[in-house]
Amino acid sequence: MEFLSEYGLFLAKAVTVVAAVLAVVLVVLASAVRQKSDKGELIITDLSEELRDLTHYLKQELMSKKAFKAYEKAQKAKAKEAEKAGDDEQGKVFVIDFKGSIDAAEVASLREEITAVLTIADNSRDQVLVNVESGGGMVHGYGLAASQLARLREAQIPLTVCVDKIAASGGYMMACVANKIYAAPFAIVGSIGVIAQIPNFNKLLKKHDIDYEQHTAGDFKRTLTVFGENTEAGREKFREELEETHKLFKAFVGNYRPELDLAKVATGEHWYGQQAIELGLIDAISTSDDLLLAHCQDSQVIKLSYRQKRKLSDKLAHGASALTGALMNKLAEKNQTIG
């Protein structure tokens, strides 16, 4: 019994020491992970090399041995010529994807990607292609996103925007900064307008004898409110603010695309690609895939993607949001038809 007692005491001490060591190790690891998570990382992908590898694989699988040997010989000769000319002579096309949310939170990554381009790009031979996909959102968020693209224009780096699905409202605010805009035939563009919707629960509160107080300094510190009783003066001021924002939006678009008839296109309407080209909202019909294939023929195409480290809670929230969005899209698809 005495032996068992001593053994139990020894075991308890050992477990305590091990637990303490593990706790220290976990704290150190957590600190290291936390420091790393504060920083993002720039992912660089050579799309030209990926296309060459794909082409090589397909030809090897589909061509006869004799034809494939001739192909390889021609490629080696071409590589030698390129080496003599110097790899630095080949221009680069930097590709950036922007899939915007309502608050344009993705601008945090966009600004890092644009900065990376500005540090390396040569405006005499390099260019940038941005794939924009957004239905718009908050004015200040998309204003900043458009300003990030304007940095490229100011540096005189040729900028192309391609719209495969949608670049409306704030999305078009970004697209119009480009030297050239491409869109797929049924991509949605335009929607040069401003909208604001505010619910008001004042009548409901009164019905249940609930008082609501709001105190401000300044006549129009708050124009419309969700819970208070709105006034006609407040509504009028709110409409004035929307009109001022619309004027700024139109002036911004007109600055980059002066040939546009703003009275005709800045009505808040949207158009499909084929209609948009007739109105001057875009310059040509094409998908991003076709543009990239064309660029790969004579340029090195590099994709840049800045990924910010996210906390586990953010990842879980994003996953839940994505799942909800997918379910809503499925329901919408069942209730919509074309024709």
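Here are some notes on the sheets and helices of this model, and on how they pack together.

1. Before you start, keep in mind that this is a predicted model, where local features need pLDDT of at least 70, side-chain atom pairs count only at pLDDT 80 or more, and totals for chains, interfaces and linings use all residues. Residues are numbered from 1 along each chain as its sequence is written, and side-chain values use heavy atoms, with hydrogens and water left out.

2. Let's take the seven-stranded sheet. The sheet is open, its pairing is mixed, and its strands come in the order 1-10-2-3-4-6-9. Helices (H or I, at least four residues) and strands (E, at least two) are DSSP runs, numbered from the N terminus, and two strands pair if DSSP finds at least two bridges between them. At the edges you'll find strand 1 (41–46) and strand 9 (284–285), each pairing on one side only.

3. Now look at strand 2 (residues 92–99). Four bridges tie it to strand 10 (residues 300–307), and the two run parallel; Val 95 has Lys 303 as its bridge partner there. Strand 2 also pairs with strand 3 (residues 127–133), again in the parallel sense, over seven bridges. In that pairing, Lys 99 is partnered with Glu 133.

4. Further along, strand 4 (residues 159–163) and strand 6 (residues 180–183) are parallel and share four bridges. Val 163 sits opposite Ala 183 of strand 6.

5. There is also an open sheet of three strands, in the order 5-7-8 and with mixed pairing. Why is one side of strand 5 (166–168) and of strand 8 (270–272) left without a neighbour in the sheet? Both stand at the edges with a single partner strand each, so one side stays free of a neighbour. From one strand to the next, the twist averages 30° (axes are lines fitted to C-alpha atoms, for helices over the stretch in contact, and angles run from 0 to 180 degrees between N-to-C directions). Strand 5 runs parallel to strand 7 (residues 188–190), with three bridges joining them, and Ile 166 faces Ile 188 of strand 7.

6. Helix 2 (residues 47–62) is a nice one for checking the arithmetic. Its 16 residues should span 22 Å at 1.5 Å a residue, and its end C-alpha atoms are 22 Å apart, which agrees; the expected span is 1.5 Å times one less than the number of residues. At the start of helix 2, a side-chain oxygen of Asp 46 comes within 3.1 Å of the backbone nitrogen of Ser 48.

7. How does helix 2 sit against the strands? Helix 2 lies across strand 1, strand 2 and strand 10, at about 40° to strand 1, where contact means heavy atoms within 4.5 Å. Helix 11 (residues 288–296) lies across strand 2, strand 3, strand 4, strand 6 and strand 10, at about 165° to strand 3.

8. Helix 2 and helix 11 also touch each other. Their axes come within 10 Å and cross at roughly 85°, which makes them roughly perpendicular (angles under 35 degrees count as roughly parallel, over 145 as roughly antiparallel, 65 to 115 as roughly perpendicular and the rest as oblique). Leu 47, Ser 48 and Leu 51 of helix 2 meet Leu 292, Leu 293 and Cys 296 of helix 11.

9. Compare that with helix 4 (residues 107–120) and helix 5 (residues 139–154), whose axes come within 10 Å and cross at roughly 5°. That makes helix 4 roughly parallel to helix 5. Among the contact residues are Val 107, Leu 110 and Ile 114 of helix 4 and Leu 144, Ala 145 and Leu 149 of helix 5.

Technical notes: A polar contact is a pair of N or O atoms within 3.5 Å; within protein, one must be able to donate a hydrogen and the other to accept it, and residues adjacent in sequence count only if both atoms are side-chain atoms.
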